[in-house]
Amino acid sequence: MNVNVGRPNKRVTSNPIRYVIGEQRLVCLFLGIGIASLIFALIPSKSSLSLSGRISSNNNDGWISSDSSSSSLSEHHLQQQSVPSRRIAYELQDESDQRGNSGAKLPMGLKSRRLRVLVTGGAGFVGSHLVDRLMARGDSVIVVDNFFTGRKDNVVHHFKNPRFELIRHDVVEPILLEVDQIYHLACPASPVHYKYNPVKTIKTNVMGTLNMLGLAKRVNARFLITSTSEVYGDPLQHPQVETYWGNVNPIGVRSCYDEGKRVAETLSMDYHRGLNLEVRIARIFNTYGPRMCLDDGRVVSNFVAQALRKEPLTVYGDGKQTRSFQYVSDLVEGLMRLMEGDHVGPFNLGNPGEFTMLELAKVVQETIDPNAKIEFRPNTEDDPHKRKPDISKAKNLLGWEPKVSLREGLPLMVSDFRQRLFGDDKSSSNSGGSIFAA
Ligand SMILES: NC(=O)c1ccc[n+]([C@@H]2O[C@H](COP(=O)([O-])OP(=O)(O)OC[C@H]3O[C@@H](n4cnc5c(N)ncnc54)[C@H](O)[C@@H]3O)[C@@H](O)[C@H]2O)c1
């Protein structure tokens with residue numbers, strides 16, 4: 001028995017070449033190598049073909065909007081990027097999955113994975129509009145929110161979608177999630193809300209941002225922070241360029257927010273420089289639109305709510321201080337381009353059209369009630385006199401600029417407010433869909 005089993009082994013050791021030729025093992029070996037090389041040679045060329053195909057089709061499916069300026073942006077985008085962005089990489093992956101021929105390249109667990117995006121503060125005003133766009137794009141979206149100023153109503157229309165998750169959580173505490181991108185918006189944005197508990201506001205900005213940066217580092221996600229034009233304080237330079245360092249009071253009543261956001265930017269840059277994290281910094285200027293809190297003290301929502309309630313419009317100071325007003329869909333487009341692009345920033349995202357408070361009051365009167373009265377009150381502490389973004393950098397590097405004028409955007413916000421205040425005008429006040437039509 002032992003002798004029979006040992007025989008073939010002995011033959012192999014004594015003349016392995018004759019054994020291999022005789023048994024036709026060599027033919028099989030070369031055939032195997034040939035097939036493997038063919039597979040590896042074919043896969044990259046297919047990917048590059050579908051990359052160009054995908055980018056042009058993106059112009060049709062809304063990732064990059066479909067007008068002519070956007071298509072030139074996608075060409076520009078393609079020329080600029082030596083490697084496809086994460087977004088494109090995942091789309092390629094999805095496409096080849098659909099064709100059923102990618103099994104050789106990717107581990108099983110990753111094969112049909114969509115882009116997973118975390119939006120902190122996603123139940124708030126800006127966050128919920130961003131979530132709408134990400135969901136429409138086909139991503140899996142997780143919203144983390146403590147509902148301090150956000151509302152479930154803002155995202156309720158996604159509850160039945162299996163790609164959507166909502167987690168009640170305060171970003172001051174750490175959280176572990178597996179995601180590819182993090183849009184970090186969680187922070188009260190209106191003076192009424194951020195002054196309500198200043199210590200909590202600065203904790204949210206510092207500890208919340210640290211927690212989200214730590215998470216991004218751990219799972220190797222790209223991280224975008226929504227900073228603010230408030231980092232320029234009461235600016236001594238007009239309009240404000242990103243290279244301007246600002247004029248901020250470090251001990252004033254607004255400092256919890258202004259300085260908090262400055263620290264959040266610093267932390268983001270330090271994670272980027274020191275730990276190689278991919279970060280993106282947006283400095284957002286005044287933004288308005290449907291789903292803003294009704295009584296949050298921000299000037300556009302104040303005027304609109306007051307005019308609808310037939311109350312006088314409150315103008316603080318002499319009303320000659322200026323602001324720029326950006327419609328929310330323009331901001332969301334800018335945030336997404338920033339996240340997908342190759343540039344860290346900071347980028348000013350705002351509408352450079354400048355209005356005095358009195359001019360704004362006039363537009364509100366024209367839109368809602370020509371007989372609305374104006375009431376003057378003493379100005380609040382540290383209220384900046386002028387605000388206007390210089391958006392050349394975003395125009396050049398992101399191919400972005402706002403498209404919706406105040407006179408176009410205001411009626412969309414008014415119908416949403418009217419519906420929430422009085423429960424009427426339902427048909428025209430879908431706070432989610434209307435912004436994309438604008
Ligand atoms: N809207 C603007 O004009 C504007 C201007 C500049 C910057 N920003 C920035 O954009 C982001 C979004 O602003 P918004 O206007 O949508 O404000 P918002 O108040 O409507 O939204 C903020 C969201 O963050 C949530 N949140 C607050 N603290 C949190 C915490 N500790 N943990 C978890 N969630 C928390 C709130 O519940 C809310 O849903 C903010 O970071 C803000 O600083 C907005």
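How far apart are the end C-alpha atoms of helix 6, and what should its 13 residues span at 1.5 Å a residue? To find out, select residues 125–137 in this predicted model: the end C-alpha atoms of helix 6 are 19 Å apart, which agrees with the 18 Å that its 13 residues should span at 1.5 Å a residue.

Keep helix 6 selected and turn to its surroundings, for the helix is mostly covered, with ten of its 13 residues buried. The buried positions in helix 6 are F125, V126, G127, S128, H129, L130, V131, D132, R133 and L134. Step just past the end of helix 6 to G138, where phi is positive, at about 100 degrees.

Next, bring up the sheet, which is open and consists of seven strands with parallel pairing, arranged in the order 3-2-1-4-5-6-11. Select residues 164–168 for strand 3 and residues 347–349 for strand 11: these strands stand at the edges and have a single partner strand each, so one side of each is left without a neighbour in the sheet. Looking across the sheet, follow the twist, which averages 20 degrees from one strand to the next.

Then select strand 4 (residues 181–184) together with strand 5 (residues 222–228), which run parallel and are joined by four bridges. One place to zoom in is Q181, whose bridge partner in strand 5 is R222.

Finally, add residues 328–340 to show helix 11, which packs on the sheet and touches strand 4, strand 5, strand 6 (279–284) and strand 11. With strand 6 also displayed, compare the two directions: that of helix 11 makes about 160 degrees with that of strand 6.

Technical notes: Residues are numbered from 1 along each chain as its sequence is written. This is a predicted model: local features need pLDDT of at least 70, side-chain atom pairs count only at pLDDT 80 or more; totals for chains, interfaces and linings use all residues. Two strands pair if DSSP finds at least two bridges between them. Axes are lines fitted to C-alpha atoms, for helices over the stretch in contact, and angles run from 0 to 180 degrees between N-to-C directions. Two residues are in contact if their C-beta atoms, placed from the backbone, lie within 7 Å. The expected span of a helix is 1.5 Å times one less than its number of residues. A residue is buried if 20 or more other C-beta atoms lie within 10 Å of its own, exposed if 12 or fewer, and partly exposed in between; C-beta atoms are placed from the backbone.
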